Every structure is written in C-alpha cells, then in structure tokens.
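Work through the exercises below with the coordinates open. They deal with salt bridges and with the burial of the residues that form them.

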Amino acid sequence: FHSTQPILHGLCTLSYAVRALQSLLGKELSSDGAVTVDCRYVECKFTKPVFVGDEIEVCMWWDFERGKDIDTSQFQSTEERLRQNEHARLVLFQVRKVKDDTIVLDGGISE
C-alpha cells in the first residue's frame, strides 16, 4: 500500500469509536439507575485506511441476542429492555468514512 497522504493510526480511529460508545450510550442511559456502558472489552477489524482529515462516523447498536432466554416482549422501550436484560450490555459497532461510505473498521464488539 502506497500513499502520499498521512494515514491516521488505527488506535486513533479505534479511540474515536470507543469514545463514541462511552459518551453517547453512557449519557443516554445513565440517569436514574439505568444501564451504563462500561467498555471492559473491545474487539474489531480494521478494513481500510483512514487519512488525516477524513470525516468518520461511528454506527452502533445493542445486541439483545445474548438475552434470548428473557422474554422482552413486554418491555416498551430500549431503556426498559436494558434494565431488565443483564446480558444486553454487548454493543456492536462499525466506523465508516462519511465522504464515500467506506467501512474502515468493522465487526466491532464492546462489552
């Protein structure tokens, strides 16, 4: 791989993703005893380079599959589901370049 542009270090890209996980999801669910995001484990795959100055976006979603044994149909909101489902702490994420929609970090898992 050869480039004339400086490439952003992968750990910098990963730190943006982890920061987004902690700040967005943590703030959204931390009031009144709701579940907070505690990044104890992070796993991902770097798929494409990110260049200095590229705008990136972190996409994330909760994985409720680990709590299949709990009937969550009676809960109305995501927050209620998280309060009742102790296994719903798994967050999946990916990072993409905004300019051309290229996935630069994929298969992200945080617990």
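**Exercise 1.** Classify R96 as buried or exposed in this predicted model.

Solution. The relative accessible area of R96 is 17%. The cut-off for buried is under 20%. R96 is therefore buried.

**Exercise 2.** Find the acidic partners of R96 and state how the residues are linked.

Solution. Step 1: the side chain of R96 forms a salt bridge with E57, at 2.7 Å from N to O. R96 belongs to strand β3 and E57 to strand β2, so this pair ties together parts 39 residues apart in sequence.
Step 2: R96 also meets the side chain of D101 in a salt bridge, with an N to O distance of 2.9 Å.
Step 3: E57, R96 and D101 therefore make up a network of salt bridges.
Step 4: check the accessibility of the acids. E57 is partly exposed at 33%, and D101 is partly exposed at 49%.

**Exercise 3.** Determine which residue pairs with K97, and what the pair ties together.

Solution. Step 1: the side chain of K97 meets that of D54 in a salt bridge, 3.4 Å from N to O. The cut-off is within 4 Å, so the pair qualifies.
Step 2: D54 sits in the loop between β1 (42-46) and β2 (56-62), while K97 is in strand β3 (residues 91-97), so the bridge ties together parts that are 43 residues apart in sequence.
Step 3: K97 has a relative accessible area of 11% and is buried, whereas D54, at 27%, is partly exposed.

**Exercise 4.** How many salt bridges does a search of the whole structure find?

Solution. The search gives three. They include D54 with K97, R96 with E57, and D101 with R96.

Note on methods
Residues are numbered from 1 along each chain as its sequence is written. This is a predicted model: local features need pLDDT of at least 70, side-chain atom pairs count only at pLDDT 80 or more; totals for chains, interfaces and linings use all residues. Side-chain values use heavy atoms; hydrogens and water are left out. Helices (H or I, at least four residues) and strands (E, at least two) are DSSP runs, numbered from the N terminus. Buried means under 20% relative accessible area, exposed over 50%, partly exposed in between (1.4 Å probe, protein chains only).
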